[in-house]
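Here is a short set of exercises to work through with the model open beside you. Try each task before you read its solution.

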Amino acid sequence: MNLHEYQAKSLFRDYGLPVSKSEIIFSESDIDGAVSNLNVNKFVVKAQVHAGGRGKAGGVILTESIKEVREFCQKWLGKNMVTYQTDSKGQPVSCILLEECTDIERELYLGLVIDRSSKSIAVIASPDGGVDIESVAENNPEKIFKVFLNSSNEIQEEEIKKISDGLELNQSQYIEFSELIKNLVKLFTEKDFALIEINPLVVNTEGKLNCLDGKINVDGNALYRQEALSKMRDISQEDKLELEASKWGLNYVTLDGSVGCMVNGAGLAMGTMDIIKLYGGFPANFLDVGGAVNRESVTEAFKIIVSDSKVKSILINIFGGIVRCDVVAEGIVSAIQDVGIEIPVVVRLKGNNAEVAKDILEESRLNIFSELDLSLAAKKVVELSK
């Protein structure tokens with residue numbers, strides 16, 4: 001689950017991290033109060049969406065004019081913002097962050113992320129902040145500094161010194177950074193985060209550190225014990241089909257192709273999408289219905305797939321290990337009848353009672369093509385999608 005920048009900075013403030021004075025504007029009626037409460041001469045105004053590239057899209061301005069603050073809010077509140085990280089529809093802007101302008105001397109990068117290869121939390125930093133960290137890693141890898149937390153999720157003094165030296169901080173900034181990074185680690189672990197990015201972490205003209213931006217991703221599997229964070233979820237920023245799928249325990253991701261996919265198991269789903277591509281097709285989605293396939297889950301999966309107007313054919317690839325293939329086949333037939341699907345459906349069932357399942361599908365007289373071989377099934381569904 002992603003958080004907005006203003007939510008991230010609220011958490012930073014709670015954990016003693018340095019952030020700028022700010023106010024949140026949800027409607028035009030909030031503008032005067034927000035400006036008055038800040039009581040500053042120069043503002044940074046930022047539209048709040050779950051996407052990068054806001055600046056290039058016109059979603060961030062610096063101004064000394066209250067009139068420009070008002071015009072910015074009128075322009076964006078209730079509208080969609082399109083950036084290089086969104087689709088053509090963009091993301092809805094439901095609030096604006098109004099912040100005190102910071103005079104910047106240097107821009108740095110600081111991030112924490114779960115590193116699965118080392119089974120630990122990685123702290124990543126660079127003196128080249130304010131830009132895409134991936135491009136820094138590719139073009140100037142010597143400017144990336146990384147340490148890994150120990151099994152107690154603590155950062156050691158020598159590791160803080162390594163990062164501080166890499167960021168080229170002086171002694172007073174080192175002392176400030178030491179407290180900042182310890183508090184950031186505490187926030188990361190206590191709130192079950194998967195990612196924190198502060199880009200940029202700036203040194204202002206007074207030589208002080210300031211978290212000028214904040215990106216946070218919360219581990220969705222831990223939300224059951226993070227009630228306060230769960231309330232911060234902004235479903236307006238999420239794909240509607242993915243949101244609906246999550247209600248039924250389905251793992252669904254929208255893609256741009258025309259072949260709908262329904263598979264049990266994430267690995268098998270990835271392999272299924274690969275073989276569709278191999279035969280010249282383009283998957284419309286990733287959809288893992290899980291191991292316990294039943295009529296209800298299949299029906300809801302069908303509803304989600306066909307609600308995407310780009311889908312021209314559907315491939316169902318189920319391995320009958322835990323469940324019997326004939327039970328799955330009966331569920332598929334019932335689901336197609338219930339949903340009223342008119343586009344062709346190719347079904348490949350493998351495993352327990354697969355031959356019986358094939359007979360059930362063929363006897364249904366529905367627009368179903370049954371194949372036991374995955375290559376033939378993929379080839380068939382791609383042909384039908386065209």
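**Exercise 1. Find out what the buried residues of helix H12 pack against.**

Step 1. Locate helix H12 at residues 354–363; helices (H or I, at least four residues) and strands (E, at least two) are DSSP runs, numbered from the N terminus. This is a predicted model, in which local features need pLDDT of at least 70 and side-chain atom pairs count only at pLDDT 80 or more, while totals for chains, interfaces and linings use all residues. Residues are numbered from 1 along each chain as its sequence is written, and side-chain values use heavy atoms, with hydrogens and water left out.

Step 2. Pick out the buried residues of H12: Ala-354, Ala-357, Lys-358 and Leu-361. Buried means under 20% relative accessible area, exposed over 50%, and partly exposed in between (1.4 Å probe, protein chains only).

Step 3. Look down the axis of H12: the buried residues fall within an arc of 105°, so they line one face of the helix. The arc is that of the directions from the helix axis to the C-beta atoms.

Step 4. Read off the partners of the buried residues: helix H11 (325–339), strand E18 (345–351) and strand E19 (368–370).

Step 5. Turn to the other side of H12, where Glu-355 and Glu-363 are exposed.

**Exercise 2. Which residue after H12 has a positive phi, and is that residue buried or exposed?**

Step 1. Follow the chain out of H12 to Arg-365, in the loop between H12 and E19.

Step 2. Check the backbone: Arg-365 has a positive phi of about 60° although it is not a glycine. Most residues other than glycine have a negative phi, and most peptide bonds are trans.

Step 3. Check the surface: with a relative accessible area of 80%, Arg-365 counts as exposed.

Step 4. Compare Asn-153, another residue that is not glycine, with a positive phi near 55°. Asn-153 sits in the loop between strand E10 (145–148) and helix H5 (157–166), and it is partly exposed because its relative accessibility is 33%.

**Exercise 3. Trace the strands that pair with E8.**

Step 1. Begin with strand E8 (residues 104–115), which pairs with strand E11 (residues 193–204) in the antiparallel sense over eight bridges. Two strands pair if DSSP finds at least two bridges between them.

Step 2. Find one facing position: Glu-107 is opposite Val-202 in E11.

Step 3. Move to strand E9 (residues 120–126), which is antiparallel to E8 over seven bridges. Here Tyr-109 has Ser-126 in E9 as its bridge partner.

Step 4. Inspect the hairpin of E8 and E9, where four residues lie between the strands and Lys-119 has a positive phi near 55°.

Step 5. Return to E11 for Pro-200. The peptide bond leading from Asn-199 to Pro-200 is cis, with omega near 15°.

**Exercise 4. How many aromatic pairs does the structure hold?**

Step 1. Apply the criterion: rings of Phe, Tyr and Trp (its six-membered ring) pair if their centres lie within 6.5 Å; planes under 30 degrees apart count as stacked, over 60 as edge-to-face and the rest as tilted. The structure holds two such pairs.

Step 2. Take Tyr-6 and Phe-26, whose ring centres are 6.3 Å apart with planes at 85°, so this pair is edge-to-face. It links distant parts of the chain, 20 residues apart: Tyr-6 is in helix H1 (residues 5–14), and Phe-26 is in the loop between strand E2 (22–25) and helix H2 (31–38). Phe-26 is partly exposed, at a relative accessible area of 48%.

Step 3. Take Phe-188 and Phe-193, an edge-to-face pair with 6.2 Å from centre to centre and 85° between the planes. Phe-188 is buried at 2% relative accessible area, and Phe-193 is buried at 3%.

**Exercise 5. Describe the surroundings of Gln-237.**

Step 1. Find Gln-237 in the loop between helix H7 (227–230) and helix H8 (240–247). Gln-237 is buried, with a relative accessible area of 7%.

Step 2. List its contacts (heavy atoms within 4.5 Å). Setting aside neighbours within four places in sequence, these are His-4, Gln-48, Val-49, His-50, Gln-91 and Pro-92.

Step 3. Look at Pro-92 again: its backbone oxygen is 2.7 Å from a polar atom of the Gln-237 side chain.

Conventions: A polar contact is a pair of N or O atoms within 3.5 Å; within protein, one must be able to donate a hydrogen and the other to accept it, and residues adjacent in sequence count only if both atoms are side-chain atoms.
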